[in-house]
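Trainee: I am new to this structure. Can we go through it step by step?

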Amino acid sequence: LVSKIPLTLQVLAGGSLLYEVFGADWILHGLAGFGIGALALTAYSAGVGHYSYGSLASYFRLSRFHTFKVERLRASAEFTLFSIVVVALIWEVFERSVHFASPVNVFRIGGEPMWNIFGDVFFAICGGMIAHYLLTHKFKWHQ
């Protein structure tokens, strides 16, 4: 059952065509990164706006580090980048585990070479940082 869920999602997202054309799945990773980046920035803004940066740093025991005592200029970008990397790496591990659970799947999930995995993570990061840039600089979402 677990191996069929991502296969179904990929059929809905365009099927095997995205995996037959080199790099076409990077579009999906970029769009997913864009969504993750927007959600991460929203979560960061809500957390800092509701509790204050100092309270959150103290709660997560980050205030003992000198650099985390006050909010830095790029703290929202750092949080966005961290969130994207965590989700992208978890997704890539999930794809690999699905491949090993069902190695004869027709969509080649997890069968990519290692450099393609790096491309997936890279384009997710690019999409997320584009979302961060647009929301902070163009739409003035969080300052």
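What follows is a set of questions and answers on the fold, the confidence, the core and the surface.

Trainee: How many helices and strands are there in the protein?
Mentor: This is a predicted model. From the N terminus on, its elements run α-α-α-α-α-α. The count is six helices and zero strands.

Trainee: Which element has the lowest mean pLDDT, and which the highest?
Mentor: Start with the whole protein: its average pLDDT is 76, and 63% of the residues score at least 70. Where pLDDT is low, the coordinates should not be read in detail. Helix α1, residues 4–13, has the lowest mean, 57. The highest mean, 90, belongs to α6.

Trainee: What share of the contacts with a separation of 6 or more is between residues 24 or more positions apart?
Mentor: Take one pair as an example of distance along the chain. Ser83 and Leu39 are 44 residues apart in sequence, with their C-alpha atoms 9.2 Å apart in space. For the protein, the share is 72%.

Trainee: Which residues form the largest nonpolar core?
Mentor: Look first at where they come from. The elements giving two or more residues to this core are α3 (25–51) and α4 (53–59). The core has five residues: Tyr44, Val48, Tyr53, Ala57 and Ala75.

Trainee: Is Tyr53 buried or exposed?
Mentor: Tyr53 sits in helix α4. Its C-alpha atom is 9.7 Å from that of Ala75, 22 residues apart along the chain. The cut-off for buried is under 20% relative accessible area. Tyr53 has 13%, so it counts as buried.

Trainee: Which residues does Ser83 contact, leaving aside neighbours within four places in sequence?
Mentor: Find Ser83 in helix α5. Its relative accessible area is 14%, so Ser83 is buried. Its contacts beyond those neighbours are Ile36 and Ala40.

Trainee: What does His132 touch, not counting residues up to four places away in sequence?
Mentor: His132 belongs to helix α6, residues 114–138. With a relative accessible area of 9%, His132 is buried. The residues that His132 touches are Leu41, Ser76, Ala77 and Thr80.

Trainee: Where is Val86, and what is its relative accessible area?
Mentor: Val86 lies in helix α5, residues 75–101. Buried means under 20% and exposed means over 50%, with partly exposed in between. Val86 falls in between, so it is partly exposed, at 33%.

Trainee: How much accessible area does the nonpolar patch of Phe82, Val86, Val87 and Ile90 have together?
Mentor: We have just placed one member, Val86, in helix α5. The four residues form this patch on the surface. Their accessible area together is about 360 Å².

Trainee: What part of the accessible surface of the protein belongs to carbon and sulfur atoms?
Mentor: Begin with the total. The accessible surface comes to about 9000 Å². The part that belongs to carbon and sulfur atoms is 74%.

Trainee: What percentage of the residues in the protein is buried?
Mentor: We have met Tyr53, Ser83 and His132 as buried residues. The protein has 143 residues. The buried share is 37%.

Conventions. Residues are numbered from 1 along each chain as its sequence is written. This is a predicted model: local features need pLDDT of at least 70, side-chain atom pairs count only at pLDDT 80 or more; totals for chains, interfaces and linings use all residues. Side-chain values use heavy atoms; hydrogens and water are left out. A nonpolar core is a set of buried Ala, Val, Leu, Ile, Met, Phe, Trp, Tyr and Cys residues joined through side-chain atoms within 4.5 Å. Buried means under 20% relative accessible area, exposed over 50%, partly exposed in between (1.4 Å probe, protein chains only). Helices (H or I, at least four residues) and strands (E, at least two) are DSSP runs, numbered from the N terminus. Patches are made of residues with over 30% relative accessible area and no salt bridge: like charges are joined within 9 Å, nonpolar side chains (Val, Leu, Ile, Met, Phe, Trp, Tyr) within 5 Å. Accessible areas come from the Shrake-Rupley method with a 1.4 Å probe; for residues, only the protein chains shown count as cover. A salt bridge is a side-chain nitrogen of Lys or Arg within 4 Å of a carboxyl oxygen of Asp or Glu. Contact means heavy atoms within 4.5 Å. pLDDT is the predictor's confidence in each residue, from 0 to 100.
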